[in-house]
There are 2 protein chains.
Amino acid sequence: MDYADTKCEENLRALEDALYVLGGKWRLRILAAMFSGHKRFNDLQRTIHGISARVLSNELKQLELNGLLKREVHVDKTPVVTEYVYTEYARSIDNVIVTLADWGQKHKEKITTTCQNH
Amino acid sequence: MDYADTKCEENLRALEDALYVLGGKWRLRILAAMFSGHKRFNDLQRTIHGISARVLSNELKQLELNGLLKREVHVDKTPVVTEYVYTEYARSIDNVIVTLADWGQKHKEKITTTCQNH
DNA sequence: CGGAATCCGGGGGGATACTG
DNA sequence: CAGTATCCCCCCGGATTCCG
């Protein structure tokens with residue numbers, strides 16, 4: 001195994017590490033919704049089409065365990081307000097989402113023009 | 001709905017478009033393996049730990065339908081050799097994978113140092 | 001080697017109802 | 001609103017077998 005192979009293996013492992021945290025159907029969508037300003041449970045559920053309350057609840061717990069968001073209960077307000085806010089660390093995922101969204105944008109354009117051309 | 005909201009909605013939709021093609025458990029892993037030089041069916045299955053033959057087969061078909069790879073059967077060789085090669089268009093995904101792998105790398109470092117600190 | 005076909009089991013997740 | 005609990009169905013995908 002030469003240097004190039006080693007480098008590739010490292011990349012594959014790094015990709016695994018990322019997907020372990022960000023993979024799955026909902027993780028990135030939830031983070032993207034939060035980056036878009038949505039913070040409350042029902043608000044998130046309404047924004048992320050198709051997700052059920054139970055799944056959203058579980059995913060939020062996982063994201064919290066991974067240090068990507070923090071659950072904040074404001075008892076001082078009436079009625080009590082629960083907010084999910086992303087951590088400073090979660091901002092490092094911005095790049096990932098933007099890169100992915102950019103690709104999606106370009107891909108959609110490509111599909112559209114391809115369909116027009118025949 | 002003001003400009004910022006519209007922009008956010010666009011980003012969410014673009015993310016959906018990307019995840020429609022690249023989402024799921026295996027898509028990015030398969031593409032990453034291909035970028036690493038793996039081209040043949042059993043080679044890919046060996047590289048991508050945990051994937052079964054049927055799932056790999058199905059995923060490859062989907063990736064081909066989306067124009068990300070091409071199935072090439074070289075009848076001129078003996079025995080016949082089947083290769084899966086990514087298209088020129090698939091190179092646009094390089095960014096996504098690199099960004100994700102970078103984040104995974106950083107994340108692993110963070111986890112490691114965090115564990116050492118307490 | 002590169003797959004397709006069939007069988008089959010578990011568990012992920014939807015629906016609904018309920019609670020604080 | 002912000003979830004939890006229970007039920008239960010469906011289908012994803014593993015294992016196995018077979019084929020060119």
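In this predicted model, A:K110 lies over the face of B:Y89, at 3.9 Å from the ring centre, and in the other direction the charged end of B:K110 sits over the ring of A:Y89, 3.9 Å from its centre.

Aromatic rings also pair with one another, and a search of the whole structure finds 4 such pairs over all chains. In one of them, the rings of A:F35 and A:Y86 have centres 4.6 Å apart and planes at 75 degrees, so the pair is edge-to-face. Because A:F35 belongs to helix α2 (residues 27-35) of chain A and A:Y86 to strand β2 (residues 81-86) of chain A, the pair ties together parts that are 51 residues apart in sequence. With a relative accessibility of 25%, A:Y86 counts as partly exposed. In chain B, the rings of B:F35 and B:Y86 have their centres 4.6 Å apart and their planes at 75 degrees, so this pair is edge-to-face, and B:Y86 is partly exposed at a relative accessible area of 25%.

From the rings we can turn to the DNA. There are 13 residues around DNA strand C, of which A:S52, A:R54, B:S57, B:R71 and B:Y84 come nearest, and sugar and phosphate make up 68% of the strand's atoms that come within 4 Å of the protein. By class, this surface has 3 nonpolar, 5 polar and 5 charged residues, and α4(B) gives the most to it, with 3 residues. A base nitrogen of DNA strand C is 2.5 Å from an N or O atom in the side chain of A:R54, while phosphate oxygens of the strand lie 2.7 Å from a polar side-chain atom of B:R40 and 3.3 Å from one of B:K61.

Methods. Residues are numbered from 1 along each chain as its sequence is written. Chains are lettered from A and ligands numbered from 1 in the order in which they are written. This is a predicted model: local features need pLDDT of at least 70, side-chain atom pairs count only at pLDDT 80 or more; totals for chains, interfaces and linings use all residues. Side-chain values use heavy atoms; hydrogens and water are left out. A residue is near a molecule or strand if one of its heavy atoms lies within 4 Å of it. A polar contact is a pair of N or O atoms within 3.5 Å; within protein, one must be able to donate a hydrogen and the other to accept it, and residues adjacent in sequence count only if both atoms are side-chain atoms. Helices (H or I, at least four residues) and strands (E, at least two) are DSSP runs, numbered from the N terminus. Ala, Val, Leu, Ile, Met, Phe, Trp, Tyr, Cys and Pro count as nonpolar, Asp, Glu, Lys and Arg as charged, and the others, Gly among them, as polar. Rings of Phe, Tyr and Trp (its six-membered ring) pair if their centres lie within 6.5 Å; planes under 30 degrees apart count as stacked, over 60 as edge-to-face and the rest as tilted. Buried means under 20% relative accessible area, exposed over 50%, partly exposed in between (1.4 Å probe, protein chains only). A charge sits over a ring if NZ of Lys or CZ of Arg is within 6 Å of the ring centre and within 35 degrees of the ring normal.
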